[in-house]
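Please open the model in a viewer and keep the sequence panel visible beside it. The tour proceeds by selections, from a single chain to the contacts between chains.

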Number of protein chains: 4
Amino acid sequence: MEQRIKKLEQILLNDRFANHNDIHLVSIGKGEAIAEMTVTENHLNGVNIIQGGALFTLADFAFAAASNSHGRIAVAANATINFFKGVSSGKLTAKAKEHSSGKTLATYIVDITDEEGNKIALFNGTAFLKGEY
Amino acid sequence: MEQRIKKLEQILLNDRFANHNDIHLVSIGKGEAIAEMTVTENHLNGVNIIQGGALFTLADFAFAAASNSHGRIAVAANATINFFKGVSSGKLTAKAKEHSSGKTLATYIVDITDEEGNKIALFNGTAFLKGEY
Amino acid sequence: MEQRIKKLEQILLNDRFANHNDIHLVSIGKGEAIAEMTVTENHLNGVNIIQGGALFTLADFAFAAASNSHGRIAVAANATINFFKGVSSGKLTAKAKEHSSGKTLATYIVDITDEEGNKIALFNGTAFLKGEY
Amino acid sequence: MEQRIKKLEQILLNDRFANHNDIHLVSIGKGEAIAEMTVTENHLNGVNIIQGGALFTLADFAFAAASNSHGRIAVAANATINFFKGVSSGKLTAKAKEHSSGKTLATYIVDITDEEGNKIALFNGTAFLKGEY
């Protein structure tokens with residue numbers, strides 16, 4: 001398992017879109033992962049609120065880490081995101097957890113909260129499971 | 001109307017997250033908008049495929065443009081995205097169209113295609129409508 | 001093809017949940033299908049509006065017909081539905097169309113309208129494709 | 001509060017679509033509710049598996065109970081459902097819990113499990129909050 005997680009971490013460290021947008025992996029476990037992002041001006045939309053795409057990317061990155069943690073390549077098939085609260089600064093944390101996993105599809109829930117624990121967004125993603133990596 | 005669209009364009013030009021990720025507005029009409037993005041290394045994930053968050057952001061930006069085109073402030077409440085095809089280069093176009101609009105909620109569909117017209121992703125977003133801007 | 005569609009029609013005619021709720025198949029084509037339902041008291045919720053589950057079932061039935069029309073068994077993996085307008089009577093029509101189809105996943109959009117063409121609900125379903133039937 | 005819950009229970013008991021499909025309310029609390037359904041032939045599709053619409057209806061009924069439990073009229077705006085496992089018999093339980101609630105929108109998660117605790121479906125619904133009832 002450890003070998004596999006290290007390989008996965010290398011892949012995630014090579015995520016240029018996450019890097020370009022200051023999204024960092026905090027931890028990976030079996031079927032779960034945590035990522036974080038400190039909101040800067042680069043994440044804001046035209047009315048100075050975090051862009052929905054920045055929140056989605058943070059959640060999606062945690063989802064990718066968690067869904068690939070079992071040693072099989074997992075590719076996002078679809079996802080739904082609910083936005084609760086507009087923020088303009090501070091550190092956001094995305095916690096991804098496996099809800100259910102079958103032979104070829106697995107469902108993950110990602111909760112995004114701010115430093116005070118306020119719910120910022122909820123992400124529900126379905127991954128398609130391929131062969132081992 | 002023209003005055004309003006100009007004001008909206010100013011707001012969209014000020015979207016720092018879209019700018020930082022090379023997403024550009026092509027056009028805005030009543031209840032519709034087109035945005036595009038040329039895929040660069042900055043958009044790729046750890047296995048050299050476009051990151052889901054980059055596709056979501058492109059779609060969300062077109063959705064924001066279309067949903068705000070009527071003169072009322074529209075804020076994303078939630079969205080679903082389906083991913084069809086992984087790409088690593090080329091220009092992607094997102095076309096947003098209003099499907100239905102009520103007193104306080106409106107639904108938009110955004111189609112992302114590549115230069116050959118292949119379907120890359122489908123986005124379905126619900127906006128919450130506030131006062132005029 | 002015709003043989004296959006006939007076999008599929010037999011399966012759909014045997015859908016006891018659709019039958020029990022007065023949902024009928026109108027037509028099946030390649031990647032598309034139409035179903036309808038005349039709203040009766042049995043479809044209403046506690047405040048005399050059509051229950052969301054009745055609308056979902058109508059859409060899901062059209063989606064099942066369309067997604068199975070290619071000769072491969074298609075099973076719903078997930079779906080999103082947007083509700084636009086509460087109705088209490090009249091005939092509703094659900095039109096399902098394939099948006100995109102890959103090796104193992106296919107996405108369908110189903111539009112539900114009333115007799116005046118008002119948009120009642122929008123359904124977006126992802127089917128998992130198995131072997132031939 | 002008790003008075004309000006009684007009024008809500010009356011409304012839910014009057015849900016003809018739930019009644020017609022043997023879906024029953026088990027309990028309502030503040031922001032949560034439980035409903036159940038024993039699968040009979042009437043819930044099956046053409047290949048003898050529970051119809052997706054029956055699962056959606058069970059989840060939607062629990063969602064309606066939970067989202068209306070605060071004394072404000074809550075109407076479903078949209079919902080996403082993930083299907084995990086096809087069942088043909090047995091008792092299914094849907095547990096709805098509030099995830100987040102704002103001024104006008106609230107998000108609920110509904111988990112459907114069978115008697116052995118297997119995950120059958122996951123529902124994520126957004127309610128639009130109106131005036132008091």
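Select chain A of this predicted model and colour its residues by burial: buried residues make up 50% of the 133 residues in the chain. With the C-alpha trace alone on display, the extent of chain A along its principal axes is about 45 × 25 × 25 Å. The radius of gyration of chain A is 14 Å, which agrees with the value near 14 Å that a compact globule of 133 residues would have. Contacts within chain A may be drawn next: of those with a separation of 6 or more, 67% are between residues 24 or more positions apart.

**Secondary structure of chain A**

Switch to a cartoon representation. Chain A contains 3 helices and 6 strands, and their succession along the sequence is α-α-β-β-α-β-β-β-β.

Select residues 23–29 and 32–38 of chain A, which are strands S1 and S2. These two strands are antiparallel and are joined by 6 bridges. Within this pair, show His24(A) as sticks; opposite it, in S2(A), stands Glu36(A). How many residues lie between the strands of the hairpin of S1(A) and S2(A)? There are 2 residues between them, and Gly31(A) adopts a positive phi near 75° in this hairpin.

**From chain A to chain B**

Add chain B to the display and select its contacts with chain A. Here 30 residues of chain B touch 30 residues of chain A. On the chain B side, the elements that contribute two or more residues are helix H1 (2–13), helix H2 (16–20), helix H3 (52–67) and strand S3 (72–83). Which of these elements gives the most to this side? S3(B) does, with 8 residues. Coloured by class, the side of chain B that touches chain A shows 13 nonpolar, 13 polar and 4 charged residues.

Now isolate residues 72–83 of chain A, which form strand S3, together with S3(B). The two strands pair in the antiparallel sense, with 5 bridges between them. Centre the view on Thr80(A), whose bridge partner in S3(B) is Thr80(B).

A superposition relates the two copies. A turn of 180°, with a shift of 0.0 Å along the axis, lays chain B on chain A with an RMSD of 0.0 Å. Thr80(B) is the residue of chain B that comes closest to the rotation axis, its C-alpha lying at 2.1 Å. Both copies use the same surface, as 100% of the contact residues of chain B recur in chain A.

**Chains C and D**

Hide chains A and B and turn to the remaining pair. Between chain C and chain D, 29 residues of chain C are in contact with 29 residues of chain D. Select helix H1 (2–13), helix H2 (16–20), helix H3 (52–67) and strand S3 (72–83) of chain C: these are the elements that give two or more residues to the side touching chain D. The greatest contribution to this side comes from S3(C), with 8 residues. By class, the side of chain C that touches chain D comprises 12 nonpolar, 13 polar and 4 charged residues.

Select S3(C) and strand S3 (residues 72–83) of chain D, which run antiparallel and are joined by 5 bridges. Among the residues to label here is Asn78(C), which has Asn82(D) as its bridge partner in S3(D).

Chain C superposes on chain D through a rotation of 180° with 0.0 Å of shift along its axis, at an RMSD of 0.0 Å. This is the relation of a two-fold axis. Thr80(C) is the residue of chain C whose C-alpha comes closest to the rotation axis, at 2.1 Å. The copies meet through the same surface, because 100% of the interface residues of chain C are also interface residues in chain D.

**The sheet across chains C and D**

Finally, display the strands of both chains. In what order do the strands of the open sheet of 12 strands stand? The order is S1(C)-S2(C)-S4(C)-S5(C)-S6(C)-S3(C)-S3(D)-S6(D)-S5(D)-S4(D)-S2(D)-S1(D), and the pairing is antiparallel. At the edges are strand S1 (23–29) of chain C and strand S1 (23–29) of chain D; each has a single partner strand, so one side of each is left without a neighbour in the sheet. From one strand to the next, the twist averages 20°.

As a last selection within this sheet, take strand S4 (residues 91–101) and strand S5 (residues 105–113) of chain C, an antiparallel pair with 8 bridges. Glu98(C) has Tyr108(C) as its bridge partner in S5(C).

Conventions. Residues are numbered from 1 along each chain as its sequence is written. Chains are lettered from A and ligands numbered from 1 in the order in which they are written. This is a predicted model: local features need pLDDT of at least 70, side-chain atom pairs count only at pLDDT 80 or more; totals for chains, interfaces and linings use all residues. Two residues are in contact if their C-beta atoms, placed from the backbone, lie within 7 Å. Helices (H or I, at least four residues) and strands (E, at least two) are DSSP runs, numbered from the N terminus. Ala, Val, Leu, Ile, Met, Phe, Trp, Tyr, Cys and Pro count as nonpolar, Asp, Glu, Lys and Arg as charged, and the others, Gly among them, as polar. Two strands pair if DSSP finds at least two bridges between them. Copies are superposed by least squares on the C-alpha atoms of residues with pLDDT of at least 70 in both. Axes are lines fitted to C-alpha atoms, for helices over the stretch in contact, and angles run from 0 to 180 degrees between N-to-C directions. The radius of gyration is taken over C-alpha atoms; the globule rule is 2.2 Å times the number of residues to the power 0.38. A residue is buried if 20 or more other C-beta atoms lie within 10 Å of its own, exposed if 12 or fewer, and partly exposed in between; C-beta atoms are placed from the backbone.
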